[in-house]
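Grab a pencil and work through these exercises with the structure open beside you. Try each task on your own before you read its solution.

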Amino acid sequence: MAKTRSVNNEEAQVNKEPFSFGRLLMYVVLIIGAVIMIFPFYWMITGAFKSKIEVNLMPPTLFPQNPLNFENFIYAFQTAPFGKYFVNSLLALIGCITTCSFTTILAAFAFSRLRFPGRELIFSLLLSLMMVPYEMIIITNYRTIVQWGLHDKIWALILPFMSSIFYTYILKGFFDSVPDSLYQAAKVDGCSDWKYLWRVMVPMAKSSLATIILLNSIATWNSFLWPMIATNSKDVRTLPFGLYAFMTEGGQRNERMMAAATIVVLPMIIIFLFARKYIISGMSRGGIKG
Amino acid sequence: MKIRLENIVKRFRDNTAVDHFSAEIESGELVTLLGPSGCGKSTMLNMLSGILYPTEGKIYFDEDDVTFVSSEKRGIGLVFQNYALYPHMTVLENICFPLEIKKVPKAERIEKAKKMAELVHVDTMLNRKPGQLSGGQQQRVAIARALVKEPRLLLLDEPLSNLDARLRIEMREEIRRIQLETGVTTIFVTHDQEEAMSISDHIILMKLGVLQQFDKPQYLYDQPANCFVADFLGNPPINKVEAVVKNGKVILADGSDSGVRLEGHDDQKVWLSFRSESVLYEPDSQLKATAIMTSVMGKEKITAFDLAGKEVRGYFDSSLDFERGQEVGIGFKKTGVFVFDYESGERYL
């Protein structure tokens, strides 16, 4: 068996892989992993369509008895100002992503391509700042926001996140991998740094940027600690507070909680589905020929 | 455009990459910068393109001093070893890009790019991305992109070294054809002597940053300026045996008389170098060599001999047959035989 396999190794890879215990085990492990990852989402979404009785049923139902039961969603919207929260979350998200992506692109290009004295030193200093715990920065950030009179304003949710050392670091890594000759070719043709950045580097970095934007979106969308500190009123608070409200004001009604959670999570899932193509291509990218 | 290089010196810290390099390149010619790796040929090219500036010396394009003029103002087209095409743009967009930067109107730049694509034979794949092209096609696109803005000077940095052997021959002929059709002055950097010999009007041979010889390819082969030039050019490589000059005769290490005469260098140690095609079969000759092996090449054969302890090769008519171990009398033609100083490589004959 082993002998014939080694001889036909190439054919075997092109044609059907013969059955082996190792492969079976691999698939079983992968399927178990997938179920563990997906089931909570499934449970949350189906749970949102269940009635109070059904959700506590023993044994539990895998599929809601009435899949068109939107009662919980309606209740969720009535209890917490989800509409307002949603708009706030969206504003914070757009504000953070546009400004942060812009500064990240510029900084990554400067640290990767431009030559200026102290470049490596400055970059190392910035990287070392990543070691400062977030909780420590919160205090200084809070003081700054208050001094600037931005407390309880939507800007308070955007301003501290307008740049990111971590994302700059990721993007610089990609920019570094672009061969120098591309830059020189553009320079010889009279291309400015600015134009080179936007016409060549950024389109090439599409998948890295998609990854950065997605990570940034999730972080912004889910952030709770900073919005709780920087805002007070319902007018500027974001979606996670909607869930918070359910725990305190609405009691522990699981089916309603799940409906609310579905509302909060859904936009992120949609964004992920759109960006997925780029993220996967970004990871499997082979680089440039030559 | 005529190019004049005056006493160019380029130092990187303690390392001198180019040392007092002077040359004049005529308009419309294809000149090759040839040399082994580390000889400074790429540094020289980078100074011509304005990516590097020389430490000393002057570069003139026609009468303009461009020594410290930045790349984009020199009017040059540059082709890189790895092609440096923009992977996210199509072939057409790649070729258009230099014109886009020059703010040429869109219709005009597409027209020009298409014409250039036709010249380099990539007009059927304008909408493909570089990743979907073969190496040779990518190189064609890179040349089209370099030529589309009608540069005064085209610079090619080892453009063929990423291609396989067959494509290399095809592309070097293509480069020559495109160069002749456009008439653009071209400087081509390579370490492959065959490539250089086959397409150049003139070759500049460099070693350790110093210009060794600047001549027509055939002249470089027939009249090498020194031992290095003779060694570098030619396939099979030139034969080289140690010898001493005694009473005007070049005597080999085993004491036999080579039959080569040299006046005025008595008692000096020298290299006797000769091309394989300059070896003659002379049954009566005093000079004997022992046959080692013979390879048949079709209309002729090439035989390896042991001559005074060194292995040498000679071309012979295919009707001649030497057995292994046979003592053969040999002589030399008048051409293709050189005597160089053993130490300095200076040419005496």
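**Exercise 1: A sheet in chain B**

This model is predicted, and in its chain B six strands make up an open sheet with mixed pairing, in the order β6-β7-β8-β3-β9-β10. Your task: find out which strands stand at the edges of the sheet.

*Solution.*
- Step 1. Start with the ends of the order: β6 (76–79) and β10 (210–215) of chain B each have a single partner strand, so one side of each has no neighbour in the sheet. Those two are your edges.
- Step 2. Now look at the twist: on average, neighbouring strands of this sheet are turned by 15° against each other, direction ignored.
- Step 3. Zoom in on one edge. Strand β9 (residues 202–207) of chain B is joined to β10(B) by five bridges, and the two run antiparallel. Across this pair, Leu205(B) sits opposite Gln213(B) in β10(B).
- Step 4. Go over to the other edge, where helix α4 (residues 135–147) of chain B lies across β6 and β7 (153–157) of chain B. This helix runs at about 165° to β6(B).

**Exercise 2: Two hairpins**

Follow β11, β12 and β13 of chain B: which residues take a positive phi in the hairpins?

*Solution.*
- Step 1. Strand β11 (residues 239–246) and strand β12 (residues 249–252) of chain B run antiparallel and are joined by four bridges. Here Ala243(B) stands opposite Leu252(B) in β12(B).
- Step 2. The hairpin of β11(B) and β12(B) has two residues between the strands, and in its turn Asn247(B) has a positive phi of about 50°.
- Step 3. Carry on to strand β13 (residues 257–261) of chain B, which pairs with β12(B) over two bridges, again in the antiparallel sense. This time Ile251(B) faces Asp257(B) in β13(B).
- Step 4. Four residues lie between β12(B) and β13(B) in their hairpin, where Gly255(B) takes a positive phi near 90°. So your answer is Asn247(B) and Gly255(B).

**Exercise 3: Two helices in chain A**

Work out how helix α6 (residues 82–113) of chain A packs against helix α10 (residues 165–177) of chain A.

*Solution.*
- Step 1. Get the geometry: the angle is about 50° and the axes are 8 Å apart. That angle makes α6(A) oblique to α10(A).
- Step 2. Add the handedness: where α6(A) passes α10(A), the crossing is right-handed.
- Step 3. Check who meets whom. From α6(A) come residues including Cys100(A), Ile105(A) and Phe109(A), while α10(A) brings, among others, Tyr167(A), Leu171(A) and Phe175(A).
- Step 4. Sort the residues of this contact, and you get nine nonpolar, three polar and three charged.

**Exercise 4: Where the chains touch**

How many residues of chain B are in contact with chain A, and which element supplies the largest share?

*Solution.*
- Step 1. Count both sides: 19 residues of chain B contact 16 residues of chain A.
- Step 2. On chain B's side, β6 and α2 (91–101) each give at least two residues. The largest share, three residues, comes from α2(B).
- Step 3. By type, chain B's side splits into eleven nonpolar, five polar and three charged residues.

**Exercise 5: How far to trust chain A**

Which helix of chain A has the lowest mean pLDDT?

*Solution.*
- Step 1. Take the whole chain: its mean pLDDT is 83, with 89% of residues at 70 or more.
- Step 2. Go by element: helix α1 (residues 2–7) of chain A has the lowest mean, 42, and helix α7 (residues 119–129) of chain A the highest, 93.
- Step 3. Check residues 1–14 of chain A, where pLDDT stays under 50 and the model has three contacts beyond four places in sequence. Low pLDDT means the predicted coordinates shouldn't be read in detail.

Methods
Residues are numbered from 1 along each chain as its sequence is written. Chains are lettered from A and ligands numbered from 1 in the order in which they are written. This is a predicted model: local features need pLDDT of at least 70, side-chain atom pairs count only at pLDDT 80 or more; totals for chains, interfaces and linings use all residues. pLDDT is the predictor's confidence in each residue, from 0 to 100. Two residues are in contact if their C-beta atoms, placed from the backbone, lie within 7 Å. Two strands pair if DSSP finds at least two bridges between them. Axes are lines fitted to C-alpha atoms, for helices over the stretch in contact, and angles run from 0 to 180 degrees between N-to-C directions. Angles under 35 degrees count as roughly parallel, over 145 as roughly antiparallel, 65 to 115 as roughly perpendicular and the rest as oblique. A crossing is left-handed if the near helix is turned anticlockwise from the far one by less than a right angle, and right-handed if clockwise. Ala, Val, Leu, Ile, Met, Phe, Trp, Tyr, Cys and Pro count as nonpolar, Asp, Glu, Lys and Arg as charged, and the others, Gly among them, as polar.
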